[in-house]
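This report is a first guide to one protein chain, written for a reader who has not met it before. It is best read with the model open alongside.

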Amino acid sequence: MICNVVQRDGGGYDCSVYIVAILTILVLGTLWTSYGYAAEPAKSLRFGVLAHRGADNVFQTWSQTAKYLSAELDGYEVSIVPLELYETWVAVQNKGIDLLLTNPGNYVELEEKHELRLIASLRSIRRGLPL
């Protein structure tokens with residue numbers, strides 16, 4: 001589970017689809033202003049996801065989100081790219097992905113070497129308290 005938003009009554013719900021949608025919209029805005037894609041948007045948006053629980057789990061967790069974003073972002077086809085930890089380095093270095101969902105430690109190392117920008121950060125909540 002990516003995040004668990006706890007409601008006042010103590011209940012909670014999974015919000016990973018909404019987080020990814022917001023993250024993608026923020027990143028697209030950043031790409032448009034930083035790289036001049038406003039006039040001619042890219043046709044493919046490759047979303048790298050750290051696959052610490054395996055590629056099958058990544059596809060099961062994120063394929064519906066990619067399908068939703070592809071339908072909502074006119075002119076873009078969103079694809080999920082499961083990556084092992086070492087593959088995140090190769091993908092970032094070779095510009096093989098447009099977005100990356102990874103752990104904080106990996107992000108810090110990648111940021112130092114490859115000038116990455118943090119778009120959003122997630123905070124996990126357990127038993128009503130942030131971790």
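What follows goes from the whole chain to a few of its parts.

The structure is a predicted model, and its chain holds four helices and seven strands. Read from the N terminus, these elements follow one another in the order β-β-α-β-α-β-α-β-α-β-β. The chain has 131 residues, of which 28% count as buried, and it exposes about 9,000 Å², with carbon and sulfur atoms supplying 52% of that area. When contacts between residues at least 6 apart in sequence are considered, 59% of them join residues that are at least 24 apart.

**Strand β3 and its partners**

Strand β3, made of residues 44-50, is mostly covered, since five of its seven residues are buried. It runs parallel to strand β4, residues 77-83, and seven bridges join the two. To pass from β3 to β4 the chain goes through α2, and this β-α-β crossover is right-handed. β3 also pairs with β5 in the parallel sense, in this case over three bridges. Glycine 48 takes part in both pairings, for it stands opposite valine 81 in β4 and has leucine 100 as its bridge partner in β5. The table lists residue pairs across these strands.

| Residue | Partner | Strand of the partner |
|---|---|---|
| Glycine 48 | Valine 81 | β4 |
| Valine 49 | Proline 82 | β4 |
| Glycine 48 | Leucine 100 | β5 |

**Two residues beside the start of β4**

Which residues does serine 70 touch, once its neighbours within four places in sequence are left aside? They are Tyr76, Glu77 and Val78. Serine 70 itself lies in helix α2, which spans residues 55-72, and its side chain reaches the backbone nitrogen of valine 78 at 2.8 Å. Serine 70 has a relative accessible area of 15%, and because the limit for a buried residue is under 20%, it counts as buried.

Lysine 43, by contrast, is placed in the loop between α1, residues 16-35, and β3. Its relative accessibility is 61%, and because a residue over 50% is classed as exposed, lysine 43 counts as exposed. With neighbours within four places in sequence again set aside, lysine 43 is in contact with Gly75, Tyr76 and Glu77. Tyr76 and Glu77 are therefore found in the contact lists of both serine 70 and lysine 43, when contact means heavy atoms within 4.5 Å. Lysine 43 and valine 78 are 35 residues apart in sequence, while their C-alpha atoms are 8.7 Å apart in space.

**Helix α4 and its two sides**

In helix α4, which covers residues 104-114, the residues Asn106, Tyr107 and Leu110 are buried. These three cover an arc of only 100° around the axis, which puts them on the same side of α4. An α-helix has 3.6 residues a turn, so residues three or four places apart point the same way. On the other side of α4, Pro104 and Glu112 are exposed. The cover over the buried residues of this helix includes α3, residues 85-93, and β5, residues 99-101. β5 thus appears in two settings, as a strand that pairs with β3 and as part of what covers the buried residues of α4. After α4 comes glutamate 115, whose phi is positive, near 55°.

Notes:
Residues numbered from 1 in each chain as written. Predicted model: local features only at pLDDT ≥ 70, side-chain atom pairs only at ≥ 80, totals over all residues. Heavy atoms only, no water. Buried < 20%, exposed > 50% of the residue type's maximum accessible area, 1.4 Å probe, protein only. Areas by Shrake-Rupley, 256 points an atom, 1.4 Å probe, with all protein chains shown as cover. Arc of directions from axis to C-beta. Polar contact = N/O pair within 3.5 Å; in protein donor to acceptor, adjacent residues only side chain to side chain. Pairing = 2+ DSSP bridges. Right-handed = clockwise from strand over helix to strand, strands pointing away.
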